[in-house]
Amino acid sequence: MAFIDETKIYAEAGRGGDGVVRWRQEKFVPKGGPAGGDGGRGGDFYVEAVRDIHILSKYKAKKEFYASRGEDGGKKSLHGKSGDDFFLKLPLGAIITSVETDERWQLTEEGQKILLLKGGYGGFGNEHFKSSTNTTPQEARVGQEGALGNFKVELELFADIGLIGLPNAGKSSLLNALTNSKAVVGDYPFTTLDPNLGDFYGYIIADIPGLIEGASEGKGLGIKFLRHIKRTRMLAHLVSFENSAMIASYKEVRKELTKYDKKLKLGDDGLSAKDEIIILTKTDAAKDQKVVTKKVAEFKKINKKVFVISLFDDGMVKKFSDELIKILKKK
Ligand SMILES: Nc1nc2c(ncn2[C@@H]2O[C@H](COP(=O)(O)OP(=O)(O)OP(=O)(O)O)[C@@H](O)[C@H]2O)c(=O)[nH]1
Ligand SMILES: [Mg+2]
């Protein structure tokens, strides 16, 4: 199933039910007074946040949603039943924009519900128009139309950590090692085409496609995926020991973050200002321990926390995992 992070939908809240003209049926009373009930309220249209980043692909074929209509009033002053509300499930982090009014909402908490369109009121039945001067009103109103509109839906992933780095840095492999995720891993660039999420002791780690020079302008899988780390609390920047120019690669990716921020005019809360830890991966691929020590020293000058890891070494993975929990708990 292709990953979808943008879509458009059309929605209508329910129309209110009609009010009706009815008369009380009493024995020996030919016209016992008005008894037409009011129509029920039309159902409202809501969006509801669920923790499922793939849910938008369900709306590929079906893009129109309708809350149900209120029922008409009945005899014996019976109020029509309200129409059922419609809850459209959208992924946590979805931004919904009204095409007509430009109003924007974002789903920021699991289970959160936002009312987008109100159902119409039910029309009054004839009982409502009864007065001392008019004891036999013939009047009843039809229900009000429900609100309707077109909406753009865009997803920004919500995660605690975003894994970034050049293609092949080992991002997906690390995600799999730390979480229940089964992301596809491969020894070629751009193995990951869609973001993957994994649950790390209740914290969400997001693995995005590899970044390359020009990513902020749309090169590679580019800008589309930078958007997905905007909402992460922290970045983990992976640089592989297979890489001959590790510092340069690191800087290349950092440059893209800065460029992206400038382009979107993001200030201090942009990608480049996010807390970042550096993970030097595939230490087993380094020539010897001396090279590892030297690189760690170089990276430490950047003034960020630096970790080393080889996924072939269970002890290292465990140690890193423990450190990561500590960092996340402090945040
Ligand atoms: N030697 C060694 N290889 C590793 C290690 N971790 C991952 N790899 C290999 O590195 C290659 C790339 O790993 P991925 O996890 O797919 O890398 P990625 O950063 O997700 O790559 P993209 O999705 O293309 O951006 C795979 O062949 C992995 O098996 C490690 O610790 N040591
Ligand atoms: Mg990958």
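These questions and answers concern a predicted model of a protein chain with ligand 1.

Trainee: What is the mean pLDDT of the protein chain?
Mentor: The model is predicted, and pLDDT is the predictor's confidence in each residue. In the protein chain, 98% of residues reach 70 or more. The mean pLDDT is 92.

Trainee: In which helix is confidence lowest?
Mentor: Confidence in the protein chain is highest in strand β7, residues 113-117, at a mean of 98. The lowest mean, 77, belongs to residues 222-226. Those residues form helix α2.

Trainee: Where does ligand 1 sit?
Mentor: The shell around ligand 1 has 8 nonpolar, 9 polar and 4 charged residues. Among the residues that come nearest are Lys 171, Ser 173 and Phe 190. Ligand 1 sits in the largest pocket.

Trainee: Which residue has a side-chain N or O atom 2.6 Å from a nitrogen atom of ligand 1?
Mentor: Lys 282 and Asp 284 are both among the residues that come nearest to ligand 1. The pair at 2.6 Å is within the 3.5 Å limit for a polar contact. The side chain in that pair belongs to Asp 284.

Trainee: How much of the area that ligand 1 exposes when taken alone does the protein bury?
Mentor: Oxygen atoms of ligand 1 lie 2.9 Å from a backbone N or O atom of Asn 168 and 3.4 Å from one of Asp 187. Taken alone, ligand 1 exposes 650 Å². Of that area, the protein buries 88%.

Methods: Residues are numbered from 1 along each chain as its sequence is written. Chains are lettered from A and ligands numbered from 1 in the order in which they are written. This is a predicted model: local features need pLDDT of at least 70, side-chain atom pairs count only at pLDDT 80 or more; totals for chains, interfaces and linings use all residues. Side-chain values use heavy atoms; hydrogens and water are left out. A residue is near a molecule or strand if one of its heavy atoms lies within 4 Å of it. A polar contact is a pair of N or O atoms within 3.5 Å; within protein, one must be able to donate a hydrogen and the other to accept it, and residues adjacent in sequence count only if both atoms are side-chain atoms. Accessible areas come from the Shrake-Rupley method with a 1.4 Å probe; for residues, only the protein chains shown count as cover. On a 1 Å grid over the protein atoms alone, a cavity is a set of points where a 1.4 Å probe fits but cannot get out, and a pocket is an open set with protein on both sides within 12 Å along at least five of seven lines; lining residues have an atom within 4 Å of a point. A molecule sits in a cavity or pocket if more than half of its atoms lie within 2 Å of its grid points. Ala, Val, Leu, Ile, Met, Phe, Trp, Tyr, Cys and Pro count as nonpolar, Asp, Glu, Lys and Arg as charged, and the others, Gly among them, as polar. pLDDT is the predictor's confidence in each residue, from 0 to 100. Helices (H or I, at least four residues) and strands (E, at least two) are DSSP runs, numbered from the N terminus.
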